[in-house]
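Hi,

Here is the structure I promised to send over. Have a look at it first, and then read on for what turned up.

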Amino acid sequence: QLRVIGSEGPVLAPLGGTLELSCQLSPPQHAQHMEIRWFRNLYMQPVYLYRDGKDMYGETISKYVERTELIKDAIGEGKVTLRIFKVAVDDDGPYRCLFKDGEISGEHITEVKVTATSSDLQILMHPPNTKGVMLECHAGGLFPLPHMEWRDSKGEVIPATSKSHSRDGNKLFNMTIALLIETSSHRNVTCYLQNRLTHQEESICVILSGELFSWKIVWITILSTILSVLIAFLMMSFVQQNVIHGKFSHWLKGSMVFMISVFAIIGVMLILHLKQRVPVSDSHFELDTLWLEDISVILCVLIVFNIKLTSLIYFRLEGEYDGIGGNSDDLMKPLLLTYASVCVCVWLLPLSSLWFIKCFSGILKVIMPLHFTDPLLCTNIFIS
C-alpha cells in the first residue's frame, strides 16, 4: 500500500476564490506513470483524473469541467496540487487524493470548508407602537450559518425576540434576528455577526432616541382627553337637566346606562391589551399590535358616539312626549330609544370610526418625527 500525505486539518476556501489542495507520496518517488484521481464521495465521479501520463478531461464530472487543473511540476517527487477556480458552496466537503500503481494504492482525505462573510449588515427599525420598538438585523450571503446576537452598551447579550434564516438560489444563508424593546432602558444596541469558522466579526450599532418611546404617552394622552371630554359632557348634561329643567331622575337613569356602557367598553379594551394572543416571536405579532391599536381607537369612538347619540335621542324623545302622560309614554320611550340608538350606531359608527382613524393617523404622522438623527449615531434610522 502506498502512503499518501497532504493538507492537514480543514482547508478554508473563500467563496468565489481559488482553492489549492496538495498531496504527495511518502517517501517521495516518481509518480508520472501512476493513476492520480481526485474525487469526492464516489470513486467513479472524479473531480480530476490523470492516467497513463495524460489528463482525462472526458471523465471529469460536469460541474468541475474547466474549473480545475492539476499542477504536476513536482510529479517526479510524487507531489501534485489540485487547483479549483471560482469556489462555490457545493465545493464544501471532503476531497480524496488517490495514487494507484497497478494493484497498489493509497489515498489522503482533506476536508474543505467554504466560507462567505457578508459586508451588508443592516438594522431595520419598525414604527413604534403600543408594545414598544421592534428592531430587525439583516445579513445576507453567508456560509456557513453564522452566530448572530444583540448586545447592549456594556457588551452583555440581550435575548433576541426571534431568529430566522433562509437560503437563496446560490445556497447562501440569509439571516434575520429581531429584538423588541419595550422601554427606553436600552438606548444603545449592537447587532453582532460572527463567522463560526474564521471567527471574523461584524457589527452595527444604533442609538435609540427617547422620542421613540413617547408612543405610549400619546395613547395615554388621547385616552385621558376622551375621558375628560366624557366627564365634562356628563357634568354639562347634569347641570342642564337638574338645574335648568329640574329632571334629575331622568338624567340619573340615563347616566347609569351611559356609565355601564363606558365601563364595559373600557373593560374590553383592558382585556385586549393585557391578554397576549400572539407570541412576540411570531411573524404576525406586529400585525396583531396594529389591529389592537385600531380596535382601541374604534372602541374610544364608540364611547363618545354611544353617549352623545343616546343622550341626544333620549332627551329629544322626552321633550316630544312631555304632556302626553300615561303608561304608554313610559313604554314607548325606551323602545323608540333602543331602536333609534341601534340604527344610528350601526350606520354611522363605522363611517365615523374610519374617518376618525384616518384623521388620527394623519395627526400622528405630523406629531411623530419621521427622521431621527444624533451626533453619536452609528446608523441613520428612518421610519416610513
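Let's start with a turn: β4 and β5 are joined by a hairpin, with six residues linking the two strands. Keep in mind throughout that this is a predicted model.

The two strands on either side of that hairpin also pair with each other: β4 and β5 (residues 46-51) run antiparallel, with four bridges between them. One place to see this is W38, whose bridge partner in β5 is Y48. β4 has another antiparallel partner in β9 (residues 93-101), and five bridges hold that pairing. There, E35 has K100 of β9 as its bridge partner.

Is β4 buried or exposed? Five of the five residues in this strand (residues 35-39) are buried, so β4 is largely enclosed by the rest of the structure. Side chains in a regular strand alternate between the two faces of the sheet. In β4, E35, R37 and F39 point one way while I36 and W38 point the other, and all of them are buried.

W38 is worth clicking on. Leaving out residues up to four places away in sequence, its contacts include L21, C23, P46, V47, Y48, L70, Y95 and C97. W38 is also among the residues that touch the most other members of the largest nonpolar core, together with F99, L135, M148, W150 and C191; that core has 53 residues. Another core, of five residues, lies apart from it and has M134, A178, L180 and F285 among its members. As a general point, nonpolar side chains in soluble globular proteins tend to be buried together.

Further along the chain there is an open sheet of four strands, in the order β11-β12-β16-β15, with antiparallel pairing. β11 (122-125) and β15 (162-167) are at its edges with a single partner strand each, so each has one side without a neighbour in the sheet. On average, neighbouring strands here are turned by 20° against each other, direction ignored. For β11, the partner is β12 (residues 133-142), in an antiparallel pairing over four bridges. Within that pair, I123 sits opposite C137 of β12.

Now, a word on confidence. The average pLDDT for the chain is 75, and 61% of the residues score at least 70. Residues 321-328 fall below 50, and this stretch has five contacts in the model beyond near neighbours in sequence. Residues 346-355 also stay under 50, with eight contacts beyond four places in sequence. Where pLDDT is low, the predicted coordinates should not be read in detail.

Cheers

Key. Residues are numbered from 1 along each chain as its sequence is written. This is a predicted model: local features need pLDDT of at least 70, side-chain atom pairs count only at pLDDT 80 or more; totals for chains, interfaces and linings use all residues. Side-chain values use heavy atoms; hydrogens and water are left out. pLDDT is the predictor's confidence in each residue, from 0 to 100. Contact means heavy atoms within 4.5 Å. Two strands pair if DSSP finds at least two bridges between them. Axes are lines fitted to C-alpha atoms, for helices over the stretch in contact, and angles run from 0 to 180 degrees between N-to-C directions. A nonpolar core is a set of buried Ala, Val, Leu, Ile, Met, Phe, Trp, Tyr and Cys residues joined through side-chain atoms within 4.5 Å. Buried means under 20% relative accessible area, exposed over 50%, partly exposed in between (1.4 Å probe, protein chains only).
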